[in-house]
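Here are my comments on the model you sent, set out as numbered points. They begin with a single residue and widen from there to the strands, the core and the aromatic rings.

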Amino acid sequence: MKAVIRRQDIPGLVISAIIGLALTFLGSVKMKNASDTNNWPIANGTVTSSEVGGAMKYYPSVSYTYIVDSAVYTSNIISSMNFNTKNRSIVEEVLKKYPVDSEIKVYYFSEDPSRALLEPGIKTGNILLLVFGIVVLSIPALSVLFMKFKVKNVAKTQ
């Protein structure tokens, strides 16, 4: 009995490989971009609103203003990977760091100061996206390797 990849298996393996490559690439780019935020310059800012957003799933909604080269900017980005959760208290805990009218450090992209965030660096979501891409990519690769391995074993026993 030969273990071979059947013709009808090929489209699924190809689609899985393409999706895995795309997710791995996207995860790599997001990781690099998130890592780069650690080197962004810092401006002083002020929180203008801080509230729980959402209904079924909750997320922290924070708006703030900051000044770069005499220009006033507004943003609402907290980190490179925003999150939501069904647990409202987790969001409320995050918002304790950003009460309205509080002074904050704002990290902004020097080439486009309108791009800013409050928490630079790589977050768990960035890592999970990359790992998920690698896992999806490994499925067709391991399938092909397993099939080749089975074929070799069959050939040796005959």
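1. Which residues is Ser-75 in contact with, leaving aside its neighbours within four places in sequence? In this predicted model, the contacts of Ser-75, once those neighbours are set aside, are Val-62, Ser-63, Tyr-64, Tyr-66 and Ala-116. Ser-75 itself lies in strand S3, and its relative accessible area is 9%, so with a cut-off of under 20% it is classed as buried. Its side chain also reaches the backbone nitrogen of Ile-77, at 3.4 Å.

2. As for the overall layout, the chain has 158 residues, of which 32% count as buried, and its secondary structure comes to 3 helices and 5 strands. Read from the N terminus, these elements follow the order α-β-β-β-α-β-β-α. Among the contacts between residues at least 6 apart in sequence, 69% join residues that are at least 24 apart.

3. The strand that holds Ser-75 is paired with strand S2: S2 (residues 59-68) and S3 (residues 71-75) run antiparallel and are joined by 5 bridges. Within this pairing, Ile-67 has Val-72 of S3 as its bridge partner. The two strands form a hairpin with 2 residues between them, and Asp-69, in the turn, has a positive phi of about 50 degrees.

4. S2 also pairs with S1, again in the antiparallel sense, over 8 bridges, and here Ser-50 has Val-62 of S2 as its bridge partner. S1 and S2 likewise form a hairpin, with 5 residues between them, and in its turn Gly-54 has a positive phi of about 95 degrees. S1 pairs in addition with S4, in the antiparallel sense and over 5 bridges; one of the bridge partners in that pairing is Tyr-107 in S4, which is matched with Ile-42.

5. Which elements give two or more residues to the largest nonpolar core? This core has 17 residues, and those with the most contacts inside it are Val-62, Tyr-64, Tyr-66, Tyr-98, Ile-104, Val-106 and Leu-118. The elements that contribute two or more residues to it are strand S1 (42-53), S2, helix H2 (88-95) and strand S4 (103-109), and S2 gives the most, with 4 residues. As general background, nonpolar side chains in soluble globular proteins tend to be buried together.

6. Val-62 deserves a separate look, since it is among the core residues with the most contacts inside the core and is also the bridge partner of Ser-50. Leaving aside neighbours within four places in sequence, Val-62 is in contact with Val-47, Ser-49, Ser-50, Ser-75, Asn-76, Ile-78, Leu-95, Tyr-98 and Leu-118.

7. The structure holds 3 aromatic pairs, and one of them is formed by Tyr-64 and Tyr-66, whose ring centres lie 6.1 Å apart with 40 degrees between the planes, a tilted arrangement. Why is the pair of Tyr-66 and Tyr-73 stacked? The planes of Tyr-66 and Tyr-73 stand at 20 degrees, with the centres 5.5 Å apart, and planes under 30 degrees apart count as stacked, so the pair falls into that class. Tyr-64, Tyr-66 and Tyr-73 together form one aromatic cluster.

8. Are the members of this cluster buried or exposed? Tyr-64 has 0% relative accessibility and counts as buried, and Tyr-66, with a relative accessible area of 1%, is buried as well. Tyr-73, by contrast, is at 22% relative accessibility, so it counts as partly exposed. Elsewhere, Phe-109 has a charge placed over its ring, since the charged end of Arg-115 sits there, 4.5 Å from the ring centre.

9. Finally, Asn-84 lies in the loop between S3 and H2 and, at 45% relative accessibility, counts as partly exposed. Asn-84 and Tyr-59 are 25 residues apart along the chain, yet their C-alpha atoms are separated by 4.5 Å. Not counting residues up to four places away in sequence, Asn-84 touches Lys-57, Tyr-58 and Tyr-59.

Note on methods
Residues numbered from 1 in each chain as written. Predicted model: local features only at pLDDT ≥ 70, side-chain atom pairs only at ≥ 80, totals over all residues. Heavy atoms only, no water. Phe/Tyr/Trp six-rings, centres within 6.5 Å; stacked < 30°, edge-to-face > 60°. Buried < 20%, exposed > 50% of the residue type's maximum accessible area, 1.4 Å probe, protein only. Lys NZ or Arg CZ within 6 Å of the ring centre and 35° of its normal. Pairing = 2+ DSSP bridges. Polar contact = N/O pair within 3.5 Å; in protein donor to acceptor, adjacent residues only side chain to side chain. Contact = heavy atoms within 4.5 Å. Core = buried A, V, L, I, M, F, W, Y, C linked by side-chain atoms within 4.5 Å.
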